[in-house]
Amino acid sequence: MSQKFYTNIFFQSILLMILLIVVGIFIPNWLVFVMTKAIAYGLVGLGIITLMRGGLVSFGQGLVFGIGGYTAGLLGTQAGLTDAILLLFISFVFTGFLGLIIAPLLARYRDIFFAMLSLAFSMVLYGILIKIDAIGGSDGFVLPESTYFGIEPLAEYADYSLYVVSIIMTGIISIALRYYYNSTPGLIALAVRENELRVEYLGSSAFNVTVLNFTIAAGLGGMGGALNGIALGHIDPEFTYWTTSGEFVFISILAGYLSVPAVFLAALLLELVRSFSGRYFPDTWQLILGVFLILSIIFLPSGIGSFFKKFFDKINKNINK
Amino acid sequence: MPNKKYVLRADGINKSFGAVVAANDININISKGEKVSLIGSNGAGKTTFMNMVTGYLKPDTGSIYLNDNDITQLSPRVITQKGISRSFQIPQIFEPMSAWENMLIALGTSQKKYSYFQNARSKENSDYIDEMLSKFSLNEFAHRQVSELPGGVRKLLDIAMALVRKPDILLLDEPTSGVGTEEKYPLMDTVAKALSGENLTVIFVEHDMDIVQNYSDRIIAFYQGAVIADGNSEKVLNNRSVQEYVTGKTQVKAK
Amino acid sequence: MVDEILTIFLDGAIYASWLFIVALGLTFVFGVLKILNIAHGGIYALGAYSTATLVPLFYLLGMPEQFVIIAMLFSALAVAIVITPIMERGILRRFYGQDEVLIVLVTYAIYLVLEDVQKLIWGMNSLYVSEPREILGALELGDLYYVGYDLALIGLAVFCGLALWLALNKTKSGKIVLAVIHNPEISGCMGVNVNRVYLSAFFIGAFLAALAGSFTAPLISVQVGISVAVVIESFAVVIIGGLGSIPGAVIGALIIGMARAACVHKLPEAEIFIMYFCMAGMLIFKPKGLFEGSQARKI
């Protein structure tokens, strides 16, 4: 059963990626942009659900979102590095590495203290960033145009190019994450969430699980921040503010940790509500999100991912017949 | 002087909580394959002793050796890795998951090497889990959520999970507590049968003297933190101090 | 030099007083209900808006100026009366006993809703209600100039803190609340109406939040977004002081207030950073805060 399952995931994901890339050709540019932002936010959300599978909710992913964004921005403006693929990759690795360093500090905490400490760290970064005028202070700075293998695309293809790159890179990461979630260490993470005491008495370390999950979340958040910055063409300290962190938590709770695609769908929902709100309902988009969140917590505690999981389980059952 | 005969050695263990003496110069040597029960009224020190063996508490003085390795200051996790597994009075299992998944977790945590990209639900793992579940007569409950299972089944699962690691010593904390009287013997029989042929060292804390007599060949009695008797059931259960402070029975026939 | 120290001290005291008034309700609600209420900042904003609406009305009706304070208190009360049944009884009550972090998420959702409720009722305009700020005149200390109203905030902070602390520790109802804090189940078994205690405690917390907003309104332009910084700054205060502790909130507010005032004058680059640095530092070295809140629950 297992090998077939893993092969199924691989091919289904490739199919989905191809579908999204093709669809991107036919949809208007503003929608491509929205979807790219959704991917960026979804990446951070994936990081949070990785932590949620281990029983922790981070209220401060703005920290890594900001680090990733500023990394990409500074490499662009200071080092002349504009290749989007390279920037995304470097942000992923660098932020992940920083995450690995601070993870042992955070991994000792649980529940509300973990949430508050992650929040505090993100706000510390915010406090630093808004006062450094050399990188724009609270206004931030503009990122240079992105290139792809040395080529700078024509203005009308810029959004689509970034979109394709982000679909491919995120797709690969998502497949790897799904494999991790279904693996033995991924299962142990779920066990830590349910009964940390027993996990210790079975010989595994909850601390190590948390460090790993936080590192992954950091890398994902950093890549998301870089992608968001490149897509916007702009980076500012708002990336690390608590309200931004709150949006990531919103996405994660709405999506739940059962399904990876659900996280991106939740992010897309957020982006669509945000985009349409400006024109049609500027005074009610937060209200809509708030209501969505409460309804989701009350009626769908496992998130919209529970629908996705049921759906994919059914498909896989039928394929394996 | 290291003494290779014993699988577990407790040397001069003392532990106090303020004015309360929970362990008073405990010296216990247990050989491989022994089935030992710890008896004593609540607060007598048997649970404290057990917690020190598993690393949850550290003795004030004295040392504990597992196969001549000093485990006194090690954490519960490391002690588990070295070969002591325990079950819990209130089953510590993973509630929203099925019995099968609980066993999978126990199996996963016991593996020294695993891949981050291979499915935990491999054929190899499945076969082993099915085997363990049938040893403990848990097959019919395999795919039901454990929070909905009856108390006796949950206890058996808790014990089965502790055994996945193939430990040197299995500690059972009141295995029949919270289980109906008519279920106690079937439960212990299932455990005994699952353990047969393994020559495992088993230490269990129990209050039910009939269970104690029938399932252990050695009894250690505690009172006020000290060991007041240590030997086979006839010797211990006819000991006057034991009768006064633990069992309350005056005449006990040998098994 | 002395001037500078005095400035920092007074600025710090005023800011600390403001922080304390804002954070008092937050820490109290956590102490009793174990809810870290993100919407606390939203209620604060509602208090400010409500004052910005009622006080001009008050002046329009030609009431004597000295009683404007009553109008402000009344506007805060009105907010608390409206919000408490909706928030506590309507929504939060269903989540009692569940994961603490989950309840925080619910309060976050409510916060989002309140932000838009604000916009729907009062629009995007900035409101000004600076008249009350003038009723206490000003104080001149050499080169330093302080508005009487601002200094009076210190008095208000002391009053609120003392009033709540005395009510909790020296009155019969207060002792009942303390009992519920320590052990809700046993209190319930002893005949205490625990749900009513929760409702009352939430009401007090909401009133204090609205009060903070009301009395801040004359100092600022009341507009969209005033809640945002309040949420995070009040969190810093209660984390440093210890969740659920009133003396903790005092010290937490003083630490942040003084630190921030010192930075503003001596090291402006660190002005924002210092608050969250203290918050992170406290979480790392003493996660329960300076004073463990009155929540010694034994399991």
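Start by selecting B:Tyr65 and look for its bridge partner in strand 5 of chain B, which is B:Asp70. Strands here are DSSP runs of E with at least two residues, helices are runs of H or I with at least four, and both are numbered from the N terminus. This is a predicted model, in which local features need pLDDT of at least 70 and side-chain atom pairs count only at pLDDT 80 or more, while totals for chains, interfaces and linings use all residues. Residues are numbered from 1 along each chain as its sequence is written, and chains are lettered from A and ligands numbered from 1 in the order in which they are written.

**The sheet around B:Tyr65**

Now select residues 61-66 of chain B, which form strand 4. Two bridges join strand 4 to strand 5 of chain B, and the two run antiparallel. Two strands pair if DSSP finds at least two bridges between them. Widen the selection and you have an open sheet of four strands in chain B, with the order 2-1-4-5 and antiparallel pairing. Which strands stand at the edges? They are strand 2 (20-31) and strand 5 (69-70) of chain B; each has a single partner strand, so one side of each has no neighbour in the sheet.

Next, add helix 1 of chain B, residues 46-53. Helix 1 lies across strand 1 (6-17), strand 2 and strand 4 of chain B, and runs at about 60° to strand 2. Such angles run from 0 to 180 degrees between N-to-C directions, with axes fitted as lines to C-alpha atoms, for helices over the stretch in contact.

**All of chain B**

Zoom out to the whole of chain B, with its nine helices and 10 strands. Its radius of gyration (taken over C-alpha atoms) is 19 Å, close to the 18 Å that the globule rule (2.2 Å times the number of residues to the power 0.38) gives for 255 residues, so chain B is as compact as a globular protein of that length. Along its principal axes the C-alpha trace spans about 55 × 40 × 35 Å. Buried residues, those with 20 or more other C-beta atoms (placed from the backbone) within 10 Å of their own, make up 45% of chain B.

**Two domains**

Colour domain 1 (1-83 + 167-255) and domain 2 (96-166) of chain B separately; these bounds come from an automatic or database domain assignment. Their centres, taken over C-alpha atoms, are 26 Å apart. Where they touch, 11 residues of domain 1 are in contact with 12 residues of domain 2, contact meaning that C-beta atoms, placed from the backbone, lie within 7 Å. On the domain 1 side, strand 7 (169-173) and helix 6 (181-195) of chain B are the elements that give two or more residues. Helix 6 gives the most, with five residues.

**Out to the neighbours**

Show chain A beside chain B: 24 residues of chain A are in contact with 29 residues of chain B. On the chain A side, helix 1 (2-26), helix 6 (155-182), helix 7 (184-194) and helix 8 (196-201) each supply at least two residues. Helix 7 of chain A has the largest share, six residues.

Finish with chain C, where 31 residues of chain C and 33 residues of chain A take part in the contact. Which helix of chain C gives the most to the side that touches chain A? Select helix 4 of chain C, which gives 16 residues.

Conventions
Contact = placed C-beta atoms within 7 Å. Buried ≥ 20, exposed ≤ 12 C-beta atoms within 10 Å, placed from the backbone.
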